[in-house]
Amino acid sequence: MNPWPAALRWLRPSRLLMVGCALLTAWLVFVPLGALFYTAFSEDTPFGPGAASLANFVHAYTDNHIPLLLWNSVIFATGTAVVTLLLGALVAWVVERTDAPWRELFHTLALLSFALPGLLTTMAWMLILSPNIGWLNTELKNLFGLAEAPFNIYSMWGMIWALSTHYFPLAYLLMGPAFRVLDVRMEEAAVISGARTWQVATRVTLPLLRPAILSTILLLFVRGLESFEVPRLVGMPAHINVFTSEIQNATQDVPPHFGTAAALGMMLLVVCVVGVYLYRRATTNAEAFATITGKGYTPTPQRLGTWRWPVALFTALMFAIALGLPLFTLAWQSLFQNATPPSFSMIGTMTGDAYRYILRYPIFLNAVRNSVFIGGMAATIVVGLTFVMAWIAQRSAKRHGWILDSLAFVPIAIPSVIIGASILFAYLVLPIPVYNTIWILLIAYVTMYLPYGMRFASGGIVQIHRELEEVAEVAGASSPQIFGRVLLPLLAPALLAGWLYVFVLAVRELAASIFLSGPGTHVLGPLTLTMWEEGGSYGAVCAMGMIQIVPLIVIVIVMRRLEERVSARR
Amino acid sequence: MLQVEHLFKTYAAVGSAKVTAAQDISLSVPEGKLLTLLGPSGCGKTTTLRCVAGLERPDSGRIVIGERTVYDSNHGVFVSPAERGIGMVFQSYAIWPHMSVFENVAFPLRVSRTRRYNSAEITVMVAEALKTVRLGGYENRRATQLSGGQQQRLALARGLVAKPRLLLLDEPLSNLDAKLREQMRFELKQLQTELGLTAVYVTHDQSEALALSDEIIVFNQGRVIQRGTPLEIYQHPNSEFVADFVGSTNFLRGSVRNGGEIGSIGQVETAQGTITCTFAASFSSGSKAVISIRPEDIGLTAAGAGVKGAVTARVFLGEVIDYHVNLNGQELRVRHHARHDAHPVGASVMLTLPPDKAMAMVDEASA
């Protein structure tokens, strides 16, 4: 009775939509990757890629500083992963496993410090720990009569510290769920069996957490390798180069060595892809691990007794140092033109000049407009696209859905530096006129943040039991009605949270934007970096930072509320 | 074997309010017997069990396991759970997913503080424990590969392997489906009797408590309400709460005609007429009372002696039929064996309330 011939039936709307989404995602993901390969394996000429050649690899990997580059990258990433893991594990334990006070606050602070632009926190750490202008060094020198600055941010340890204080909330967010689902009865059963505290820890607790710990270390290592802000700001002046900064260097040469950058990028890409693959495999195993507890499990916090307050105070102190110190420094410095150590005597000379200056600075205002516009567009496109894809993947195209899912997840393994560089390579060559417009930035942001959008969307849809849609269907609702009246209201908090998340990431983006923004297309990240490095007063840069941070704080609080609403319904 | 005296435990709740989880709990379990702590969730039964295990530290009181005082607030004694020589089965089983079945059971032996077991002993004892719970041959399985019922047995084997003096069971069957639960209940009882285990069993399921226990203690709001054998608890509940919580019952409210001692037969005036009943408390004349009578204890005939009512509903349950009978404005549930004559809805019937089965208790609602 179906009036549609078989061939047309195959073309039913949902399938067309799926194919459309798949093609668009494939374009976004594979065009830059293709350009990266092409550039890497072609002769590097001033007029773009030439004939096929391996010269770039020879050039990139026979250079005598390559071993040092590798060594630096590995030490930096490993050091960051370890320090970050320790700090993150402490927060995860306090928030998820104990009855210490202020746990909600710590969770919010963790989200907040993760949302802060790494560029700004790195700048703040330079203002604190630089041997010349760092105020903490100055204070300590005066206090103890030291001849030399006790801390030097321009060192491997300085770099690890600057990145770890920014990334440890990520470690907490990654490990938190594993800590939460760890049934305290597992440990109690060991205690009852006669095990001593260290036996409980080594034979039960740690083995149970091992998948979470290992996978978190792996991901943190990859994130450390990919990170750009710290190597760019601290590493370059300190002559401690890693892959990401070296790739950017190569494109900044005159003439630019795109081929060399691409060849270096290939190596970084391979390491990151392998790392993310292993991470995904490990976490899937971890989920299989967690399912055993099942029903009857209620999380019971560990009662700390007299240790409640010391533990809370210690954690608070950690946040005060890792988050409070940089924020305070930026806020303080934004009220002075020149580098000014905080002291009571200086309060009288505070001035709002920097804000007055920056708020009338046309390039800055232009950058704000661009960043907000592109960020909003990117967030809208990512959320819309991933919502449709997640819905198709989970509901109507069970058999092929995984294709969409995996496609959207590919960019998570590609470092932002490589996305930026390879989008640059691609659209320099392709006859699509987006180069040196804000649209090339939009393409980059959408590509980079697809995985995050996908995570929010599929997470949201998974929570909505299919029966909720089916009962609407049985009640006589049409597909658009089901969508608008059932699905959308239920998903709204998740989608809004996803939107805000992508927006925040896009507005503060630096690593990819630095390749793609030009004189006419300023955005906040690269502009802040330029101001920091070659112009403006410290006050003006910090004022710029504060103007970015305040709305971010508001957004994080809104996201926290949304998170509560979503979890309250579970 | 186990003695608990005047146990108190409060929790600091949100703000400064304290939640009293256990108030003046005293109990004892003779060797080889199974005591059940029964009550609704949050009644303090689990807290009491966890205090016995040593997983919670009571505020005050005394706990003796065997000859050894493991907790005494007056002398500052607190023996860690690891040294109390007990076995425990948790509601969530708490099977360690990173260990094999063998390693799960072997764990208490490997970490034992009383003596060192060599690997030959461990192999033998684990095999024995697994055989006891009918998991023989599963040694090398991963714990995660077991079904719910098997995990439950594994948890039991782990609790038993070190031959503890006392076995604590915290709602061990509540995660199983109904059919399996009934089967496990039977197996558990058999095991306990055969091995002569001394056990404390916590549950909110009254049928489990009635089936398993040598003695039951009914808890409510942190206090002991009644203790007795399953039969005593069921037939002679001492309060409205126990009558309602254990089994199903009918309540008729009224006032006592002539006062009497506990256990005496007396009359209570109700809206349904004067009812002759057993006093489960001592009453003075005119005081408020509530009569509890179980549905299966009410006699039901088409005609004969008794009070007259009308059938308003009838539910066929297989071996029995449940009738709802309107008696002067109150619905009574009456359970009748299905082989007796069926009474249609609307039929008028005669009800008899045997005085030894109708228990008059203090009316908590109007008190």
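Here are some informal notes on how the helices, strands and chains of this predicted model fit together.

1. **Where the two chains meet.** Let's begin with the contact between the chains. On chain A, 22 residues are in contact with 22 residues of chain B. Two elements of chain A, α9 (184-192) and α10 (197-226), give two or more residues each to the side that touches chain B. Of the elements there, α9(A) gives the most, with seven residues. What kinds of residue make up this side of chain A? They divide into 12 nonpolar, five polar and five charged.

2. **A pair of helices in chain A.** Have a look at helix α6 (residues 118-129) and helix α11 (residues 229-238) of chain A. In general, you describe two packed helices by the angle between their axes and the distance between the axes. Here the axes of α6(A) and α11(A) come within 9 Å and cross at roughly 25 degrees. Angles under 35 degrees count as roughly parallel, so α6(A) and α11(A) are roughly parallel to each other. The crossing of α6(A) past α11(A) is right-handed.

3. **Who touches whom in that pair.** On the α6(A) side you'll find A:G118, A:L119, A:T122, A:M123 and A:M126, and they meet A:E229, A:V230, A:L233 and A:V234 of α11(A). Sorted by class, the residues of this contact come out as six nonpolar, two polar and one charged.

4. **The other neighbour of α11(A).** Helix α11(A) also packs with helix α12 (residues 243-252) of chain A, at an angle of about 85 degrees and with the axes 9 Å apart. That angle makes α11(A) roughly perpendicular to α12(A). From α11(A), the residues A:P231, A:R232, A:G235 and A:M236 meet A:T244, A:S245 and A:Q248 in α12(A). This contact has two nonpolar, four polar and one charged residues.

5. **Chain B comes in two domains.** Moving over to chain B, you can split the chain into domain 1 (2-235) and domain 2 (249-362). How far apart do the C-alpha centres of the two domains lie? They are 39 Å apart.

6. **A six-stranded sheet in chain B.** Try tracing the open sheet with the order β7-β8-β9-β3-β10-β11, which has mixed pairing. Strands β7 (86-89) and β11 (223-228) of chain B stand at the edges with a single partner strand each, so one side of each has no neighbour in the sheet. From one strand to the next, the twist averages 20 degrees.

7. **A closer look at one pairing, and a helix.** Within chain B, strand β3 (residues 34-38) and strand β9 (residues 199-203) run parallel and are joined by five bridges. If you want one bridge to find on screen, take B:L37, whose partner in β9(B) is B:V202. Helix α4 (residues 148-160) of chain B lies across β7 and β8 (166-170) of chain B, running at about 170 degrees to β7(B).

8. **A hairpin with an extra partner.** Further along chain B, strand β13 (residues 265-270) and strand β14 (residues 273-279) pair in the antiparallel sense over six bridges. A hairpin of two residues links β13(B) to β14(B). One of the bridges to look for puts B:Q267 opposite B:T276 in β14(B). Strand β14(B) is also joined by two bridges to strand β21 (residues 359-362) of chain B, and those two strands run parallel. There, B:F279 has B:A360 in β21(B) as bridge partner.

9. **A five-stranded sheet in chain B.** The next open sheet has the order β16-β20-β17-β18-β19, with antiparallel pairing. Which strands sit at the edges? They are β16 (299-301) and β19 (330-337) of chain B, and each pairs on one side only. Neighbouring strands of this sheet are turned by 45 degrees against each other on average, ignoring direction.

10. **Inside that sheet.** Strand β17 (residues 307-316) and strand β18 (residues 320-327) of chain B run antiparallel, with six bridges joining them. Among those bridges, B:V315 partners B:D322 in β18(B). Strands β18(B) and β19(B) pair in the antiparallel sense too, over eight bridges, and B:I321 has B:H336 in β19(B) as its bridge partner. The hairpin formed by β18(B) and β19(B) has two residues between the strands, and B:N328 in the turn has a positive phi of about 50 degrees.

Conventions: Residues numbered from 1 in each chain as written. Chains lettered and ligands numbered in written order. Predicted model: local features only at pLDDT ≥ 70, side-chain atom pairs only at ≥ 80, totals over all residues. Contact = placed C-beta atoms within 7 Å. Helix = DSSP H or I, 4+ residues; strand = E, 2+ residues; numbered from the N terminus. Nonpolar A, V, L, I, M, F, W, Y, C, P; charged D, E, K, R; others polar. Pairing = 2+ DSSP bridges. Axes fitted to C-alpha atoms, helices over the stretch in contact; angles between N-to-C directions. Parallel < 35°, antiparallel > 145°, perpendicular 65-115°, else oblique. Left-handed = near helix turned anticlockwise from the far one by under 90°. Domains from an automatic or database assignment.
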